[in-house]
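Thank you all for making time this morning. I would like to walk you through one structure, so please take a moment to look at the sequence and the model before I go on.

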Amino acid sequence: MIYLVIGLLVAGTHGYLVAWNIPGNVLEGLAAILLWPLVAFFAVDLHALIV
């Protein structure tokens, strides 16, 4: 549960939780929530990876 809460916080602060009306953005948001250590610690840009 804590893992998902941290994922929500990281995804929100990195701009992945906006415009959920576009399917690609939904996928980016969910990936950012689940893969938050990559986003937070290794600066992986999911915007560039998921198109």
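**Helix α1 and the aromatic rings**

Let me start with helix α1, whose 12 residues should span 16 Å at 1.5 Å a residue, and whose end C-alpha atoms are 17 Å apart, which agrees. I should say at once that this is a predicted model, so please keep that in mind throughout.

Which residues of α1 are buried? They are Gly-7, Val-10 and Ala-11, and when we look down the axis of α1 these buried residues fall within an arc of 95°, so they line one face of the helix. On the other side of α1, Ile-2, Leu-9 and Thr-13 are exposed. As for the buried residues of α1, what covers them includes α2 and α3. Just after α1 comes Gly-15, which takes a positive phi of about 80°.

Now to the core. The largest nonpolar core has 9 residues, among them Val-10, Ala-11, Ile-33 and Trp-36. The elements that give two or more residues to this core are α1, α2, which runs over residues 23-34, and α3, and the largest share, 3 residues, comes from α2.

That brings me to the aromatic rings, of which the structure holds 2 pairs. In one of them, the rings of Tyr-3 and Trp-36 have their centres 5.5 Å apart and their planes at 55°; an angle from 30 to 60 degrees counts as tilted, so this pair is tilted. The pair links distant parts of the chain, with Tyr-3 in helix α1 (residues 2-13) and Trp-36 in helix α3 (residues 36-42), 33 residues apart.

How accessible are these two partners? Tyr-3 counts as partly exposed, at 40% relative accessibility, whereas Trp-36 is buried, with a relative accessible area of 12%. Trp-36 also forms an aromatic pair with Phe-41, and that pair is tilted as well, at 5.9 Å centre to centre and 55° between the planes. Phe-41, for its part, counts as exposed, because its relative accessibility is 60%. Ring pairs thus link Tyr-3, Trp-36 and Phe-41 into a cluster.

Finally, what does Trp-36 touch, if we leave out residues up to four places away in sequence? Its contacts are Tyr-3, Ile-6, Gly-7, Val-10 and Phe-41, and of these, Gly-7 and Val-10 are among the buried residues of α1 that I listed earlier. Trp-36 therefore has a part in two of the topics we have covered, as a buried residue and as a member of the ring cluster.

Conventions
Residues numbered from 1 in each chain as written. Predicted model: local features only at pLDDT ≥ 70, side-chain atom pairs only at ≥ 80, totals over all residues. Heavy atoms only, no water. Phe/Tyr/Trp six-rings, centres within 6.5 Å; stacked < 30°, edge-to-face > 60°. Helix = DSSP H or I, 4+ residues; strand = E, 2+ residues; numbered from the N terminus. Buried < 20%, exposed > 50% of the residue type's maximum accessible area, 1.4 Å probe, protein only. Core = buried A, V, L, I, M, F, W, Y, C linked by side-chain atoms within 4.5 Å. Contact = heavy atoms within 4.5 Å. Expected span 1.5 Å × (residues − 1). Arc of directions from axis to C-beta.
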